[in-house]
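Biologist: I would like to learn how to read a structure one feature at a time. Could we start with a helix and go on from there?

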Amino acid sequence: LGLTSISFGILLWVSELVEGRRSLRADYARTRGALRSTELACSRIEHRLVEADRLHAVGELAAGIAHDLRNPLAIIRGAAESLQARPRSPTETAEHVAVIVRGIDKADRTIRMLLQLGKPGNLQSGDIHVDQLLQDTLALAYVESKRRNIGLDLVGNRDLTMRGDLPAVQQALLNLLMNALQAS
């Protein structure tokens with residue numbers, strides 16, 4: 001009787017083991033399916049994050065380009081409107097045309113820099129005479145300052161030399177000056 005009871009108990013236990021194994025397999029299959037779904041969802045989210053980062057970078061680039069092109073265009077517009085407002089002497093006309101040409105050259109450099117964006121960069125570091133840099137930058141902003149009735153003067157010691165990439169330094173200085181003019 002004892003051996004029969006033990007045998008019967010083992011049979012019940014074996015059937016429980018088999019049923020437990022089936023249950024574990026079903027749970028494993030469900031868990032594995034859920035894990036695959038979660039991995040797929042994570043992959044989609046990662047793809048969206050990469051796309052969002054790319055769009056953010058493109059947006060910042062577009063904003064920078066718009067800013068760098070808006071300044072020379074504002075200078076060109078101001079010079080053209082000033083020429084249109086009243087007749088000018090040949091000297092004044094030549095000065096305004098020179099401002100327009102410098103503004104166009106500045107916009108062209110910005111576009112060329114944009115086209116060079118995908119290529120390896122090579123800034124041309126050299127000596128920059130601060131006085132010439134300031135005079136050239138003021139000349140670019142002169143018509144806009146006059147249009148806004150804001151005086152611009154160079155004061156202080158400008159007999160300085162610095163090292164850097166002249167177009168990049170001038171762009172930064174022009175951006176600061178135009179922002180100040182537009183905010184005044």
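Modeller: Helix H4 covers residues 166-183, which is 18 residues, and from its first C-alpha to its last it reaches 25 Å. That is close to the 26 Å expected at 1.5 Å a residue. Keep in mind that this is a predicted model.

Biologist: Which residues of H4 are buried?

Modeller: A residue counts as buried when its relative accessible area is under 20%. In H4 this holds for Gln170, Gln171, Leu174, Asn175, Leu177, Met178 and Leu181.

Biologist: Which residues touch the most other members of the largest nonpolar core?

Modeller: That core has 14 residues, and the ones touching the most other members are Ile75, Ala141, Leu174 and Met178. Helices H1, H2, H3 and H4 each supply at least two residues of this core.

Biologist: What does Met178 touch, apart from residues up to four places away in sequence?

Modeller: Met178 touches Asn71, Ala74, Ile75, Ala141 and Glu144. Ile75 and Ala141 were also named with Met178 for touching the most other core members. Glu144 has a further role: with Arg147 and Arg148 it is linked in a network of salt bridges.

Biologist: How many salt bridges does the structure hold?

Modeller: The structure holds seven. To call one, look for a side-chain nitrogen of Lys or Arg within 4 Å of a carboxyl oxygen of Asp or Glu. Arg22 and Glu19 pass, with their closest N and O atoms 3.4 Å apart.

Biologist: Where do Arg22 and Glu19 sit relative to each other?

Modeller: Both are in helix H1, three residues apart, so about one helical turn separates them. Arg22 is exposed, at 54% relative accessibility, while Glu19 is partly exposed at 44%.

Biologist: Which residue forms a salt bridge with Asp108?

Modeller: Arg112 does, and the closest N and O atoms are 2.9 Å apart. The two lie in helix H2, four residues apart, again about one turn of the helix. Asp108 is partly exposed, with a relative accessible area of 36%, and Arg112 is partly exposed too, at 45%.

Biologist: What about the salt bridge between Arg163 and Asp127?

Modeller: Their side chains meet at 3.1 Å, N to O. This pair links distant parts of the chain, with Arg163 in strand E2 and Asp127 in strand E1 (residues 125-129), 36 residues apart. Arg163 is exposed at 56%, and Asp127 is exposed at 53%.

Biologist: Is Arg88 buried or exposed?

Modeller: Arg88 is buried, yet it has no salt bridge. The nearest side chain of opposite charge is Glu92, 4.2 Å away. A salt bridge needs the atoms within 4 Å, so a pair at 4.2 Å is not counted.

Biologist: Where is Arg88 in the chain, and what does its side chain make a polar contact with?

Modeller: Arg88 is in the loop between helix H1 (2-85) and helix H2 (90-115). Its side chain makes a polar contact with the side chain of Ser82, at 2.6 Å. Beyond four places in sequence, Arg88 is in contact with Ser82, Leu83, Thr93 and His96.

Biologist: What is the phi of Asn149?

Modeller: Asn149 has a positive phi, about 60 degrees, although it is not a glycine. Asn149 is placed in the loop between helix H3 (130-147) and strand E2 (161-165). With a relative accessible area of 73%, Asn149 is exposed.

Technical notes:
Residues numbered from 1 in each chain as written. Predicted model: local features only at pLDDT ≥ 70, side-chain atom pairs only at ≥ 80, totals over all residues. Heavy atoms only, no water. Buried < 20%, exposed > 50% of the residue type's maximum accessible area, 1.4 Å probe, protein only. Lys, Arg positive; Asp, Glu negative; His and termini not counted. Polar contact = N/O pair within 3.5 Å; in protein donor to acceptor, adjacent residues only side chain to side chain. Contact = heavy atoms within 4.5 Å. Expected span 1.5 Å × (residues − 1). Core = buried A, V, L, I, M, F, W, Y, C linked by side-chain atoms within 4.5 Å.
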